[in-house]
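Trainee: Could you take me closely through one part of this model, the largest pocket, and then place it beside the domain arrangement of chain A?

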Amino acid sequence: MGGGILILFKHKDLLGLKDITAAEINFLLDTAVPMKEIISRPIKKVPTLRGRTVVNLFYENSTRTRGSFELAAKHLSADSINISSSSSSVAKGESLYDTARTIQSLGADVVILRHPMAGAAQLLAGTVEAAVINAGDGAHEHPTQALLDLFTVRERRGEIAGLRVLIVGDILHSRVARSDIWGFTKMGAEVRVCGPPTLVPPGLEETGARVYYNLEEALVDVDVVIMLRIQKERQQQGLFPGLREYARLYGLNRERLALARKDALVMHPGPVNRGVEIASDIADGPAAVIEEQVTNGVAVRMALLYLLTGGGDRHENDY
Amino acid sequence: MKMIIRGGRVLDPASGRDETADVYIRDGLVSGPFKADKTTRVIDASGKIVAPGLVDMHVHLREPGYEAKETIATGAAAAVRGGFTGVACMPNTDPVADNRFIIEFIKKRAAEADMVNVYPVGAVTKGSRGGEMAELADMRDAGAVAFSDDGWPVMDAGVMRRALQYCKMLGAVIISHCEDKNLAAGGVMHEGYYSTILGLKGIPASAEEVMVARDIILAAETGCPVHIAHVSTAGSVALVREAKKKGLPVTAEAAPHHFTLTDRAVAEYNTAAKVNPPLRGEADVQAVREGLADGTVEVIATDHAPHTVEEKNVEFDLAPFGLVGLETAVGLVWTELVHTGILTPLQAVAKLSLHPARLLGIDRGTLAEGGAADITVIDPELEETVDPQHFAGKGRNTPFAGRKLKGLPVMTIVAGKVKYER
């Protein structure tokens, strides 16, 4: 960004969307547009982050998010390394604080953290000078997922304000739901959430979301349906009786989708439980934009890496 | 050794005394007036409060077993710096204080520290595992003043009922940490808006209230006294209030953090504010304050729970529960309750000295002539910003760092000896 152009994203880290403004979200999404153009080229590589180091620090298994971040870094020519909890000193019981100190000493510019516990990204961000991107921390936030959801909706609809967005499923344990609620609400959409009362946390209305327990009611006139993955372990915790009953009450099928607006988009952060939260013909049908979300995820993460490393306002001859 | 504390506002809740007067100390006891001579230390207490030595009936001194967090000596130093002349220490040490030998060990260590009166609390069940009853009478004879499985609530109502019955012959109270483990179910903070947006597992108010109700029912049925530790919810306060109206042998304490802070203090994943029971909502804080004002809650106790910096500098889920309270308690009571008019100075002193002393059956909490000269002098106008680096105890885990307090202890006298003076 040259002189005179306002840089609208001035944060060291991206830990969540709760403390990000609508203007900053828009700026991020705008920056992702040319990034998407780059990945549509036959040679998907630009030198923007040459000489920069990106560390992927994953304490949880992840195929989609991790692959997406790795590709984003590679397209921008950054050097990236992967540290996962099963194959490192983390497995020997090293604390997050000490791992953070090590990463600091390695000279990372960006650390991407996926962690099973809420607040881990904030702890890391307070310890390292590098920019920290939260790639999902417990049930707290998964901001890049919400950004790619916002990008996908904005690209399809042009405008997010005024849309009705419904999030269905295990809201209680979902970091995607929390980031989507903040993101879509800030952008002027009306957000509804729907799930069994045992999987909807208290105080959600204070975020601006409306809570429904009946999927048919919740679906009426919505523009976007985001289906969340239901995990079988929640059944063992006694939060719902089983997948059969769950699918009967909260599974998205053709009849139910007909209650939404005709041009409604169906989204899913993946991986999909076909026949449970979403019927196969819907997941593969014309309303679904699930694969597009994956592509857009790379573009959004490229934009974020670019902005958090200085937004291109440093040039090679500066060094 | 003679001492005269001159011209202070003497508050003695046992007699209702509240007047400007001199207090005389001779041979470690409160005495009648005498003339000062060369060997008499005369202390000017004008503008200050002279109170019976404060007693904190709920602290964790961590020794034996967790000396990196605190020792009896460092905990005693924290106590006198906080204005306390006596502390009752909970049995969740390693090994658990569930037998005479640990009780004797604690008393021995306290005598070596020679700083503050330490009153051990024995475990209710062996290993505090909630099963077989520990040797309560033997521990009582060794010096245990009360019994509790603090930190590990007695989940089996049958075990609790028999322990209450058994304690009747000992004349010792059971202190109940009220928490239904099935309802708390691995929660790490109060269940509400903040747990939702932080994505942390909540502990509902019912986890405490179900157990408070159970223990009140057991106290009513057995006629045996129960003391509810650290009430944190509006529902608990209401249950205790009802029980007292019916004349049941139920008492309750509240901790300064529960009448000062809400669950909002946990935002930013501040592990110094991770405590059990958790910091609750605004209505709960108000209810605890009302309970203190109307006498439902007659004791203020800190639940002083030191931990190391390393233990707290981790992911919120992994951090241990607990915060240190001894060195901020008086300041918080005066700032939050006395200067705001919720309690009179005499009421505040009663909740910090006479009431806990009576509950524990110890001969303290009064300035009557002939009694032990355990005395706390408080300057109600003195202001200070909390700086954990100045704490005498080992723990730095306080959510009050940087908070301005008005009304602080300036002298702590134990058995006629000045143990702390600022």
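Mentor: What follows looks at the pocket and then at the two domains of chain A. Please keep in mind throughout that this is a predicted model.

The largest pocket has a volume of about 1500 Å³, and its lining is made up of 48 residues, among which A:A139, A:H173, A:S174, A:Q231 and A:R234 lie nearest its centre. The elements that give two or more residues to this lining are, in chain A, α2 (64-75), α6 (175-186) and α8 (233-236), and, in chain B, α5 (181-184) and α6 (193-198). Of these contributions the largest share comes from α6(A), which supplies 3 residues. In chemical character the lining divides into 18 nonpolar, 18 polar and 12 charged residues.

Turning to the domains, the assignment for chain A gives domain 1 as 13-141 + 295-308 and domain 2 as 143-289. The centres of these two domains of chain A, taken over C-alpha atoms, are separated by 25 Å, and 34 residues of domain 1 are in contact with 24 residues of domain 2. The size of an interface is often given as the accessible area lost when the parts come together. For domain 1 and domain 2 of chain A, about 2300 Å² is buried between them, with 64% of it on carbon and sulfur atoms. Across this same interface the rule finds 3 salt bridges. As for individual side chains, those of A:E60 and A:R175 meet in a salt bridge, with 2.9 Å from N to O.

How values were computed
Residues are numbered from 1 along each chain as its sequence is written. Chains are lettered from A and ligands numbered from 1 in the order in which they are written. This is a predicted model: local features need pLDDT of at least 70, side-chain atom pairs count only at pLDDT 80 or more; totals for chains, interfaces and linings use all residues. Side-chain values use heavy atoms; hydrogens and water are left out. On a 1 Å grid over the protein atoms alone, a cavity is a set of points where a 1.4 Å probe fits but cannot get out, and a pocket is an open set with protein on both sides within 12 Å along at least five of seven lines; lining residues have an atom within 4 Å of a point. Grid points are joined across faces, edges and corners, and a volume is the space filled by probe spheres set on the points. Helices (H or I, at least four residues) and strands (E, at least two) are DSSP runs, numbered from the N terminus. Ala, Val, Leu, Ile, Met, Phe, Trp, Tyr, Cys and Pro count as nonpolar, Asp, Glu, Lys and Arg as charged, and the others, Gly among them, as polar. Domain bounds come from an automatic or database domain assignment. Contact means heavy atoms within 4.5 Å. Buried area is the accessible area (1.4 Å probe) that two parts lose on being put together, summed over both. A salt bridge is a side-chain nitrogen of Lys or Arg within 4 Å of a carboxyl oxygen of Asp or Glu.
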